[in-house]
Amino acid sequence: MIHFVLHDPGDSVGVVVVEGVKAGMALEGWILDEDRGTGVAALQDIPIGHKVALVDLQPGDTVLKYGLDIGRVVAPIRAGEHAHVHNIKTKRW
């Protein structure tokens, strides 16, 4: 079962596409641009439509989603954690 998707293999986050992602689950992902799988272990519950970190990220790091810069990290995020507005902010302001 595919739990999350990403477009670019360099993305630092994937988008969860199923309900019920719970801490401790082994998540399977799909890299759309390369038509191949990847994976990460969920460290937190993550709602459908939200992001899962695929790599460890530190404050100031750029977050890449679908090959695009979507903001900067404001609190440490470990691979497998929920990546959202509590730890990522826009660079616009």
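# Exercises on a predicted all-strand model

An open sheet of six strands, with mixed pairing, has the order β4-β3-β1-β2-β5-β8. Its edge strands are β4 and β8 (82–83), each of which pairs on one side only. The model is predicted, and the exercises below work through its fold, its strand pairing and its salt bridges.

## Exercise 1. Overall fold

Task: State how many helices and strands the protein chain contains, and determine what its radius of gyration says when set against a compact globule of 93 residues.

Solution.

Step 1. The protein chain holds zero helices and nine strands. Read along the sequence, the pattern is accordingly β-β-β-β-β-β-β-β-β.

Step 2. For 93 residues, a compact globule would have a radius of gyration near 12 Å; the protein chain has 12 Å, so the value agrees with that expectation. Along the principal axes, the C-alpha atoms fill a box of roughly 40 × 25 × 20 Å.

Step 3. Of the 93 residues, 37% count as buried. The accessible surface comes to about 5100 Å², and 54% of this surface belongs to carbon and sulfur atoms.

Step 4. Among contacts between residues at least 6 apart in sequence, 52% join residues at least 24 apart.

Step 5. The unreviewed UniProt entry places the feature "domain: SAF" at residues 12–89. Over residues 12–89 the chain is 0% helix and 42% strand, with the end C-alpha atoms 15 Å apart.

## Exercise 2. Strand β3 and its neighbours

Task: Identify which strands β3 is joined to by bridges, and in which direction each pair runs. Then decide which side chains of β3 are buried.

Solution.

Step 1. Strands of a sheet pair through backbone hydrogen bonds, either parallel or antiparallel. Both directions must therefore be considered.

Step 2. Strand β1 (residues 4–6) and β3 run parallel and are joined by three bridges. V5 has W30 of β3 as its bridge partner.

Step 3. Strand β4 (residues 36–41) and β3 run antiparallel and are joined by six bridges. W30 has G37 of β4 as its bridge partner, and A26 stands opposite A41 in β4. W30 is thus a partner of V5 and also of G37.

Step 4. β3 and β4 form a hairpin with four residues between them. In the turn, D35 has a positive phi of about 50°.

Step 5. The side chains alternate along β3 (residues 26–31). L27, G29 and I31 point to one face and are buried, whereas A26, E28 and W30 point to the other face and are not.

## Exercise 3. Salt bridges

Task: Give the number of salt bridges. For the pair D45 and K22, explain which parts of the chain are tied together, and treat the pair K91 and D69 likewise.

Solution.

Step 1. The count comes to four salt bridges, the cut-off being a side-chain nitrogen of Lys or Arg within 4 Å of a carboxyl oxygen of Asp or Glu. Three of them are examined here, beginning with D45 and K22, whose side chains meet at 4.0 Å, N to O.

Step 2. D45 lies in the loop between β4 and β5 (51–53), and K22 lies in the loop between β2 (13–16) and β3, so the pair ties together parts that are 23 residues apart in sequence. D45 counts as partly exposed because its relative accessibility is 43%; K22, at 45%, also counts as partly exposed.

Step 3. K91 forms a salt bridge with D69, and the closest N and O atoms are 2.7 Å apart. K91 belongs to the segment after β9 (88–89) and D69 to strand β7 (residues 68–73), so this pair ties together parts that are 22 residues apart in sequence. Relative accessibility is 43% for K91, which is partly exposed, and 44% for D69, which is partly exposed.

Step 4. E34 forms a salt bridge with R36, with the closest N and O atoms 2.6 Å apart. E34 is partly exposed, its relative accessible area being 40%. R36 is partly exposed as well, with a relative accessible area of 36%.

Key: Residues are numbered from 1 along each chain as its sequence is written. This is a predicted model: local features need pLDDT of at least 70, side-chain atom pairs count only at pLDDT 80 or more; totals for chains, interfaces and linings use all residues. Side-chain values use heavy atoms; hydrogens and water are left out. Buried means under 20% relative accessible area, exposed over 50%, partly exposed in between (1.4 Å probe, protein chains only). Helices (H or I, at least four residues) and strands (E, at least two) are DSSP runs, numbered from the N terminus. Two strands pair if DSSP finds at least two bridges between them. UniProt positions are given in the numbering used here, feature names are shortened, and annotations may be inferred rather than shown by experiment. The radius of gyration is taken over C-alpha atoms; the globule rule is 2.2 Å times the number of residues to the power 0.38. Contact means heavy atoms within 4.5 Å. Accessible areas come from the Shrake-Rupley method with a 1.4 Å probe; for residues, only the protein chains shown count as cover.
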